[in-house]
Amino acid sequence: MTDWYLGLAGFLLLNLGLGLVRVLRGPTPADRMVAAQLFGTTGVAAILLLGQGMQERALVDLALLLSVLAAVTGVAFTRLYRRVQ
Amino acid sequence: MSLELALILLGMPFFLAGTVGLLRFPDLLSREHAVTKADNLGLGLVVLGLMLGAESVLLAVKLFLIWIAVLVASATVAQLIAHTVIDAGSETGGGS
Amino acid sequence: MDWVLEASALSLFGPMGLALDLLLAAGLLWLAWRVLYSPDLFLSVVLFISFGLLVSLAYLRLRAPDVAMAEAAIGAALTGTLLLYTLRHMGVPIEPPRLAQHRLLTGLALLMSAGLGWAILTMPGFSDGLVVQVTQHLPQSGVEHPVTAVLLNFRAYDTMLEVAVLLLALVGVWAVSSTELRLPAPSAVLRGMVSVLLPPGLLVGGYLLWVGAYQPGGAFQGGAVLGGLLVLLFLAGWRALAAGWLLRLALGAGLLAFLAVGVLAMAGGSLLEYRLEAAKNLILFIEFFVALSVAATLAMLLLGRPGSAGEQQP
Amino acid sequence: MSELPWIVWVVLTPLAGALLAFLWPAQGVRVALLAGLGTGVAVLGLSLQLAQLGAQRYAVGAWDPPLGISLYADGLTAVMLLMTLLVFAPTLVYARAYFKQTAHLFWSLGLFLWAALNALFLSGDVFNLYVTLELLGLSAVALTALGGQSQALVAAYRYLLASLLGSLSYLLGVGLLYAEYATLDLQTLGQVIGLDPASAVALALMATGMLLKTALFPLHFWLPPAHASAAAPVSALLSGLVVKGSLYLLLRLWLEFFPETTVPASSLILGLLGAGAVVWGSWQAIRARRLKFLVAYSTVAQLGYPFLAFPLLAAGWDALAALVYFMLSHAAAKAAMFLAAGSVLRAFGQDRLAELHGLLRVLPLSVAAFILAGISLIGLPPSGGFVAKWLLLEAAFATGQWGWALVTLLGTLLAAGYVFRILTRALEDTTLSDRPSPVPRSMELTALLLAVASLLLGLVALPVLGLLEVGR
Amino acid sequence: MSTLVFLLVGVGLVVMSLHALFVHTHLLRQVLAINVLGTGVFMVFIAWGSQSPTPHADPVAQALVITGIVVAVSATALALALALRIKQTTGRATLSEETEE
């Protein structure tokens with residue numbers, strides 16, 4: 001059973017890796033930020049599955065923390081990089 | 001195979017679809033769609049699966065909270081990012 | 001080299017775990033390389049945030065959830081926000097790296113690194129660290145989670161000085177920076193999101209703070225979540241905290257609580273020595289104020305110095 | 001009195017002062033002076049305790065090592081704490097006149113710096129030492145930047161990078177030691193440490209970090225601009241004290257660890273680098289065009305002398321005494337020079353050496369400070385610098401290592417060269433073209449006080465060296 | 001096995017970031033390099049700590065790294081404030097070789 005979860009976590013990790021290609025390609029900062037937002041969703045799912053696979057309940061708390069903070073960088077980007085006056 | 005695992009497995013294609021959309025769709029707005037819609041669905045299925053296996057109410061509540069927080073955050077951030085593009089028109093190219 | 005074999009035997013999670021580790025390791029090294037050398041600085045910063053999250057995943061694999069939380073919250077999210085902010089105000093996001101040659105220093109670095117690899121691979125054997133002592137004394141610490149016991153009791157003196165470092169950094173930033181963060185008016189969507197996210201966010205921060213006594217979590221992780229919420233509030237145009245002595249008190253509260261408890265303990269013992277009956281409450285008392293200060297400081301580091309021009313020399 | 005835990009108050013008083021000065025900025029000056037007074041009392045109390053009762057250990061939280069952190073004080077600690085007090089107290093008085101009302105953050109930052117130094121000198125735990133190093137480095141950088149001009153900012157940034165690199169290198173060494181020996185306690189480590197490659201690399205990392213922070217030639221690149229462009233009282237603290245913090249830590253590591261892991265080559269390398277520092281730093285000081293840069297390069301040179309003593313440490317007591325006396329006399333003399341240079345800057349608005357004629361007429365007390373501090377830097381009797389050089393020569397002759405003695409003598413000539421560069425201008429009796437601004441008397445007097453102290457250090461050598469012997 | 005893999009990752013991060021720190025002249029790149037360097041050092045601590053026989057990694061190593069992370073963000077904040085101010089006052093965002101006066 002644990003191997004299943006670890007394998008799925010690995011699959012999500014690969015997904016993240018693919019998403020990073022978009023971060024690299026851009027071309028605009030907005031494109032990069034959208035791709036980086038992937039860490040908020042896919043990353044949280046990967047942590048949840050990792051926690052299940054490693055029998056580590058505390059990882060749910062980490063996912064909780066991340067889900068709240070995922071918004072911060074995204075919002076910071078949109079607030080700071082709005083069009084220059 | 002348990003229902004728990006089945007739900008989680010069902011979520012995986014959504015993540016893949018989101019990533020593929022992110023890579024393949026031609027412009028920012030459609031890519032955003034791909035990521036926010038598909039990934040949040042996938043995460044929802046994962047959370048649902050894990051909630052079925054949760055041994056305490058607290059754990060189930062936390063899992064649900066995670067989903068809600070991610071949903072709100074990613075939807076809003078996506079909307080805000082879209083606004084930066086629309087506001088800036090084509091000027092974002094240089095990355096100001 | 002014996003320990004290399006021993007370490008291999010410790011692989012608890014089978015081939016799938018190993019595959020995951022190798023994937024993570026490759027991702028980490030590749031990301032670090034792109035962070036350090038990509039021509040677009042904005043890309044570097046975005047990748048740095050992703051890198052921090054991946055580091056956090058690696059800490060999870062290494063069974064260090066407390067550190068993983070601290071890294072995700074502080075190392076990735078808040079440091080990343082600071083970097084985004086600074087980059088935005090420095091302009092020039094696309095600037096190909098200009099390389100200077102410091103042959104002497106580069107040579108020294110390579111020498112050090114080679115020595116480091118050699119040192120690790122030839123180490124006669126790893127010790128067991130202080131696990132035994134910590135486990136033995138855990139019942140006398142007042143908390144059940146060993147990391148919190150180390151941070152707030154066994155090595156509380158370190159943590160007190162660490163809180164001082166955080167406060168000092170803020171004073172330093174105030175001494176240097178002359179500008180306060182200024183933003184255009186926030187949109188209704190953003191304000192809506194913040195008001196939706198705020199109550200559960202506060203709950204999560206408080207929960208992490210409290211749960212640190214029993215399992216991974218604690219003042220720094222909880223404080224970082226609260227700090228993130230404050231940053232969100234600031235970004236949404238809220239300014240109520242940015243005023244006078246109340247703000248300064250919030251920033252200094254952690255160190256103040258530490259000093260107060262530490263000195264009071266000296267009445268019947270030594271510095272920062274808690275009586276067992278009171279230990280848990282004292283630890284939670286300190287942690288509460290440390291979390292408050294961590295939150296306020298992390299947020300103010302971003303906001304800059306409120307309502308004041310920079311320090312002027314006479 | 002003798003039972004009071006002065007050892008704790010030595011750290012807590014300036015730390016609490018820093019916090020209070022931050023919370024109550026309007027009263028920053030008063031808080032700082034009071035905290036300075038309190039710290040002085042605590043340092044003197046601890047020194048008396050040590051002299052009477054011998055070295056002491058204090059387990060924080062009553063957790064004995066290896067689980068907890070212990071503070072440790074012996075004669076060496078006491079001398080360092082007294083040195084810090086000697087430089088800090090007059091500098092705070094000077095700063096009160098120098099900064100007027102505006103720079104209220106200086107008081108909080110200054111007290112943080114004092115707390116960091118005292119905590120560093122007292123810490124007996126290698127990781128706790130890392131935290132104190134960061135506290136020290138960040139407060140020093142923030143103080144450097146307080147000047148606000150672009151030069152100071154760039155210098156502060158460079159200083160910050162060097163400082164962080166140094167402490168991370170040290171931290172990596174700490175990690176390796178903890179992995180191998182399962183303890184962070186300095187003394188315990190000293191007893192169990194072996195000669196395997198991992199330990200050697202760990203020590204090399206820690207030592208390299210400290211050399212970078214101490215700005216030993218050729219890792220001194222960050223020091224001159226930082227020390228020269230900071231505000232005068234800050235320069236005095238940086239040159240007089242901050243570099244001594246990492247030098248002290250290096251010495252402590254050496255004394256605790258190296259008897260067991262002696263590699264003759266390493267002490268030879270340190271000695272040679274020290275010799276390089278003496279020659280290169282002095283030469284740059286002789287070529288400097290601005291007073292503060294001259295004084296800053298003189299710091300690079302003077303920091304070389306203590307390292308000359310490292311190859312001789314194995315031979316015995318004299319070398320250690322020489323090393324400590326170099327630190328002590330340089331602290332007082334260099335702080336005096338920077339404070340006096342600050343008075344010159346205040347009077348003329350610039351410090352180009354070519355335009356400093358007739359200084360004697362305008363700032364006689366500052367010129368006196370330059371002369372007296374210069375005597376100590378050159379090492380003429382009866383100054384502290386003379387005692388230090390004398391002890392070093394004795395150690396060199398006793399072991400037949402003549403080379404170090406020659407470097408010392410060469411350094412003396414070069415130091416005379418750059419000190420006389422200041423004095424020949426200053427003593428020229430010409431009238432000035434532009435009217436100097438008034439300089440508060442307290443600024444000139446505190447500089448003179450420190451200069452006199454650097455001279456008198458030679459006369460109190462016996463009690464100081466007696467104190468140093470506590471716990472050896 | 002995780003221990004060995006991530007120990008080597010830690011060393012790799014240290015090597016890369018040291019090189020980057022010495023060759024880059026842009027202020028922000030140097031800050032990034034210092035941060036990656038710190039992460040490499042922390043990784044060595046935690047990778048070693050992970051071979052502890054308890055359910056979680058060595059608690060002391062974890063506590064030390066948490067302290068390190070907080071110190072690192074403090075230093076980063078100061079460095080960034082300095083960098084921004086340097087850019088504002090000199091108009092340049094790079095460190096170049098400078099001489100006296």
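**Chain contacts, cavities and unusual backbone angles**

User: How do you know that no contact joins chain B and chain E?

Analyst: Contact means heavy atoms within 4.5 Å; no contact joins chain B and chain E, and their closest C-alpha atoms lie 16 Å apart. Chain B and chain D have no contact either, with 26 Å between their closest C-alpha atoms. The model is predicted: local features need pLDDT of at least 70, side-chain atom pairs count only at pLDDT 80 or more, and totals for chains, interfaces and linings use all residues. Residues are numbered from 1 along each chain as its sequence is written, chains are lettered from A and ligands numbered from 1 in the order in which they are written, and side-chain values use heavy atoms, without hydrogens and water.

User: Which of the seven pairs of chains that touch has the most contacts, and what makes up that interface?

Analyst: Chains C and E have the most. Chain C brings 91 residues to the contact and chain E brings 72. Together they bury about 7400 Å² (accessible area lost to a 1.4 Å probe, summed over both parts), and carbon and sulfur atoms account for 76% of that area.

User: How many salt bridges and how many residue pairs in polar contact are there between chain E and chain C?

Analyst: A salt bridge needs a Lys or Arg side-chain nitrogen within 4 Å of an Asp or Glu carboxyl oxygen, and the rule finds zero across this interface. Polar contact (N or O atoms within 3.5 Å, one able to donate a hydrogen and the other to accept it; sequence neighbours count only through side-chain atoms) holds for 15 residue pairs, both residues at pLDDT 80 or more. On the chain E side, helix 1 (2–23), helix 2 (27–49) and helix 3 (59–90) each supply at least two of the residues that touch chain C. Helix 3 of chain E gives the most, with 24 residues. By class this side of chain E has 46 nonpolar, 21 polar and five charged residues. Helices here are DSSP runs of H or I of at least four residues, and strands are runs of E of at least two.

User: What makes a space in this structure a cavity, and how many of 30 Å³ or more are found?

Analyst: A cavity is a set of points on a 1 Å grid where a 1.4 Å probe fits but cannot get out, and its lining residues have an atom within 4 Å of a point. The search finds 16 of them. The largest holds about 260 Å³. Its lining has 25 residues, with Ile34(E), Asn35(E), Ala72(E), Val73(E) and Thr76(E) nearest the centre. Helix 3 of chain E gives the largest share, eight residues, and the lining divides into 15 nonpolar, eight polar and two charged.

User: Which residues lie closest to the centre of the second largest cavity?

Analyst: This cavity has about 180 Å³ of space. Among its 16 lining residues, Phe39(A), Ala70(A), Thr73(A), Ile49(C) and Leu53(C) are the closest to the centre. The lining has 12 nonpolar, four polar and no charged residues.

User: Why do the angles at Pro66(D), Pro218(D) and Leu272(C) get a mention?

Analyst: Because most residues other than glycine have a negative phi, and most peptide bonds are trans. The bond from Pro65(D) to Pro66(D) is cis, with omega near 10 degrees; Pro66(D) sits in the loop between strand 1 (56–59) and strand 2 (70–73) of chain D. Phe217(D) and Pro218(D) are also joined by a cis bond, with omega about 0 degrees. Leu272(C) has a positive phi, near 60 degrees, in the loop between helix 11 (244–265) and helix 12 (276–303) of chain C.

Definitions and conventions. Buried area is the accessible area (1.4 Å probe) that two parts lose on being put together, summed over both. Ala, Val, Leu, Ile, Met, Phe, Trp, Tyr, Cys and Pro count as nonpolar, Asp, Glu, Lys and Arg as charged, and the others, Gly among them, as polar. On a 1 Å grid over the protein atoms alone, a cavity is a set of points where a 1.4 Å probe fits but cannot get out, and a pocket is an open set with protein on both sides within 12 Å along at least five of seven lines; lining residues have an atom within 4 Å of a point. Grid points are joined across faces, edges and corners, and a volume is the space filled by probe spheres set on the points.
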